[in-house]
Amino acid sequence: MKKKLMAMLLSMALVGSIAGCGVTTTAPGGDSDASKTESQGKTDGGSGSGKTIGILMPTKSSERWINDGNDMVKSLKELGYNTDLQYAEDVVETQVSQAENLITKGVSGLVIANIDGESLTDVCQKAKDAGIPVIAYDRLIKNTANVDYYISFDNKLVGNQMGQYIEKKLDLKNAQKSYNVELFAGSPDDNNAHMFFEGAMEVLQPYIDSKKLTVVSGQTKFDEICTLRWDGALAQARMENILTANYSGGKKVDAVLSPYDGISRGIVEALRSVGYGSGDLPWPVITGQDAETASIKSIIAGEQTSTIFKDTRKLSAQAVKTIDAAIKGQKAEVNDEKTYNNGVKVVPSYLCQPVSVDKSNYKEVLIDSGYLKEENLSK
Ligand code: GAL
């Protein structure tokens, strides 16, 4: 417990130090590091007519957000828009001031993957007052009527697929014994983290109830298992703590529910440090999400077991179509108008489909589709 607290404090200090060195907050219209334009698309005279779209992404520490941002810049440019892409290195205040600056500068639309879903209520009000449509990208923006659309994946299904992977791998339907499992969730301020966990537990809870699965640490509540800012180092520390406190008497971990590849790799390192993957301690089943290059390598090496592939090319293309329509005052395409109640309204959503990936299908799903390059997996 002490160790867990230490790890949390350490990670908060880390976040603080990131905020202190390099990422500064800016006055409206200012030109500091934090508001530096990543990519300034030049209009090509398309239907965007040189209007500027502000794109706010949470962090560059995960390759997916870099791809999401770059893909949107490219597609918006093709439509004749200029773009202003900014990253906030997971500092909430930085993202809020980036959004305020963009509104002051007079962008025509905002696409935001938030850091804290509850931090943008005032920003969305300012955008509304200035007539700027706001698209919530991948993560729901909560507590505001002033978010126009939500573009994401079927997040509950993502969680279901993680749970189903563990169910299938351990053959829980036919199991005659109890397997040991540990549970991890994502950042508590990200609505997705709650939906992933809910989806996974829909599948796993019946097996915990029937004792085919045992959570040896006893940590099953979201508040106990969540990982602030999806931080892999924090997850690693928590897993180390769990192993020391609960698995010293020869017990072994059979499965770990992990909601994100960065967290999965932290868990792998904690397990490796006590001998998993060598001798007679095989790797447990370890899930993940995002199909990051480092995790696909780990899957090929037999460490992490699976991931959930969410094609960010489709997500970003849909977001581009949506902001384009919203700016033109047209109704954008949606396929879900009931799931995402943000506390004030049900946000009209377009949800893409996730795909479960492991060693058996990564080539077909990730390489053949051009999402990852085979040569990058052997480097
Ligand atoms: C979630 C997102 C996941 C993963 C995670 C950590 O909001 O849906 O795909 O990227 O953040 O970045």
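In the predicted model, one cavity of 30 Å³ or more is present. The largest cavity has a volume of about 30 Å³. Its lining consists of Met 162, Phe 184, Ala 185, Gly 186, Ala 193, Phe 196, Phe 197, Leu 257 and Pro 259. By class, this lining comprises eight nonpolar residues and one polar residue, with no charged residue. Helix α6 makes the greatest contribution to the lining of the largest cavity, supplying three residues.

The ligand is surrounded by Arg 64, Trp 65, Asp 138, Arg 139, Asp 190, Asn 192, Phe 196, Trp 230, Tyr 260, Gln 289, Asp 290 and Lys 310. Six residues of this shell are charged, four are nonpolar and two are polar. Phe 196 thus appears both among the residues around the ligand and in the lining of the largest cavity.

Polar contacts to oxygen atoms of the ligand involve several side chains of the shell, among them those of Trp 65, Asp 138 and Arg 139. For Trp 65, a polar side-chain atom is placed 3.2 Å from a ligand oxygen. An N or O atom in the side chain of Asp 138 lies 2.7 Å from an oxygen atom of the ligand. For Arg 139, the separation between a polar side-chain atom and a ligand oxygen is 2.7 Å. Of the 300 Å² of accessible area that the ligand has on its own, 98% is covered by the protein.

Two or more residues of the shell around the ligand come from each of α2 (63-78) and α6 (191-209). At the level of domains, at least three shell residues are drawn from domain 1 (15-147 + 311-352), and at least three from domain 2 (155-310 + 359-364 + 372-377). Helix α6 therefore contributes to the shell around the ligand as well as to the lining of the largest cavity, as defined by DSSP runs.

Definitions and conventions: Residues are numbered from 1 along each chain as its sequence is written. This is a predicted model: local features need pLDDT of at least 70, side-chain atom pairs count only at pLDDT 80 or more; totals for chains, interfaces and linings use all residues. Side-chain values use heavy atoms; hydrogens and water are left out. A residue is near a molecule or strand if one of its heavy atoms lies within 4 Å of it. A polar contact is a pair of N or O atoms within 3.5 Å; within protein, one must be able to donate a hydrogen and the other to accept it, and residues adjacent in sequence count only if both atoms are side-chain atoms. Accessible areas come from the Shrake-Rupley method with a 1.4 Å probe; for residues, only the protein chains shown count as cover. Helices (H or I, at least four residues) and strands (E, at least two) are DSSP runs, numbered from the N terminus. Ala, Val, Leu, Ile, Met, Phe, Trp, Tyr, Cys and Pro count as nonpolar, Asp, Glu, Lys and Arg as charged, and the others, Gly among them, as polar. Domain bounds come from an automatic or database domain assignment. On a 1 Å grid over the protein atoms alone, a cavity is a set of points where a 1.4 Å probe fits but cannot get out, and a pocket is an open set with protein on both sides within 12 Å along at least five of seven lines; lining residues have an atom within 4 Å of a point. Grid points are joined across faces, edges and corners, and a volume is the space filled by probe spheres set on the points.
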